[in-house]
Amino acid sequence: MRRLLLAVALLGAACTNSRAGQVGPISDPVRARRMMEWATRIVEAGPAAQGHPEKPRVQALLKRELREMGLEVSQYPFTVDMPELGMRWDLVNLMVSFRPEAKHRILVGAHWDIRPWADEDPDPARRSLPFDGANDGVSGTVVLLELARELSREPPPEGVGVDLVFFDGEEGPKDTPYHYLGSKDLAANWAKTGVALPARGLIVDMVGRKGLTIRREGFSQERARVVLDEVFAIARKKGARHFVDAPGKHILDDHIAFLQRGIPVANLIDIDDPNWHTQDDRLENLDPHAMAEVAEVVLEWIRNQRPPGG
Ligand SMILES: [Zn+2]
């Protein structure tokens, strides 16, 4: 509860700061507040770290929120064996599909799991414990919830199917091949969803920190440039302050498995978070307006999609 109150107090401060002396439009403050409330509730229920008892609570919370929007949530459980580590992880991707009959589909994904270890924490004593994952995990999840809410109120364009995927197992043991497990499973086994393969897509990850700066992630630029061009054009038109149309780093993330299948899925990410994989990746380091801006840009990208020849 203490954390909850603190987050609400800081939300007020963040709103004031971002309005002061700023240029250009800002995100809808009602949206920013709603998204921060979701983030707070997810962090309070979590962290959704593998092997920790809080993880099923977060999954239940996500399903409840989506069902309250009148949406049907599909669950895709899978298991990953890591014999050399003596570990076996049971994981679950969640998916909400709009216009499931549409052959032309777009994917928007984020990982809902939180890293079970704070490997990068400066204090070695704190590295073995999970952390809030407010930016790394929760922020992208909250963008998906906001998109779900918007699309439940006004469906995607005629002939355009949208699959919102909450990937599990993005975070795996350090120095092993066991990462991005949910996206690898679903990209390899998309047939189990019963909907057509996506034609293109976006991943949102680490999109909530104060000072958020999204550049053109390297692999996306090379293999999903068409998607990035559309996103940055929308960001420019909207005056989105957290998008900088410049080359970014190459990041391995949930888009890679789709790129390897030849599907242009771009990654919207800001990896330069000083709190990345540390105990300081907390709610109070989130900027609700940054998250809202990302949701608004991605929502407009979805609304601009058209089926081929449409
Ligand atoms: Zn991470």
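Trainee: Where does Tyr-180 lie?
Mentor: Bear in mind that this is a predicted model, where local features need pLDDT of at least 70, side-chain atom pairs count only at pLDDT 80 or more, and totals for chains, interfaces and linings use all residues. Residues are numbered from 1 along each chain as its sequence is written. Helices (H or I, at least four residues) and strands (E, at least two) are DSSP runs, numbered from the N terminus. In those terms, Tyr-180 belongs to the loop between E4 and H5.

Trainee: Is Tyr-180 buried or exposed?
Mentor: Count the other C-beta atoms (placed from the backbone) within 10 Å of its own: 20 or more is buried, 12 or fewer is exposed, and in between is partly exposed. Tyr-180 has 22 of them, so Tyr-180 is buried.

Trainee: What is phi of Tyr-180?
Mentor: Tyr-180 isn't a glycine, yet its phi comes out positive. The value for Tyr-180 is near 55 degrees.

Trainee: And how exposed is His-277?
Mentor: His-277 lies in the loop between E8 and helix H9 (288-304), and its phi is positive as well, near 55 degrees. There are 19 C-beta neighbours inside 10 Å of His-277, so the verdict is partly exposed.

Trainee: Which residue follows Gly-46 through a cis peptide bond?
Mentor: Look in the loop between H2 and H3, where you'll find Pro-47. Omega is near 10 degrees for the cis bond that runs from Gly-46 to Pro-47.

Trainee: In what order do the strands of the open sheet come?
Mentor: The sheet has six strands, and their pairing is mixed; two strands pair if DSSP finds at least two bridges between them. Across the sheet, the order is E1-E2-E4-E3-E5-E8.

Trainee: Which are its edge strands?
Mentor: An edge strand here pairs on one side only. That picks out strand E1 (74-82) and strand E8 (265-269).

Trainee: How many bridges join E2 to E4?
Mentor: Strand E2 covers residues 87-98, strand E4 covers residues 160-167, and the two run antiparallel. Phe-98 faces Val-162 of E4 across that pairing. The bridges joining E2 to E4 number five.

Trainee: Which residues does Val-80 contact?
Mentor: Val-80 is part of strand E1 and is partly exposed, with 18 other C-beta atoms within 10 Å. A contact means that the C-beta atoms of two residues, placed from the backbone, lie within 7 Å. Setting aside neighbours within four places in sequence, Val-80 touches Trp-89, Leu-91, Gly-169, Tyr-178 and Leu-181.

Trainee: How far apart in space are Val-80 and Gly-182?
Mentor: Along the sequence, 102 residues separate Val-80 from Gly-182. In space, going from C-alpha to C-alpha, the separation is 9.7 Å.

Trainee: Which residues does Val-298 touch?
Mentor: Here, residues up to four places away in sequence don't count. What's left for Val-298 is Val-108, Val-143, Leu-147, Leu-202 and Val-204.

Trainee: What is the mean pLDDT of the chain?
Mentor: pLDDT is the predictor's confidence in each residue, from 0 to 100. In this protein chain, 92% of the residues reach 70 or more. The mean pLDDT is 92.

Trainee: Where is the pLDDT below 50?
Mentor: Where pLDDT is low, the predicted coordinates shouldn't be read in detail. The stretch in question has 24 contacts in the model beyond near neighbours in sequence. The pLDDT is below 50 over residues 1-25.
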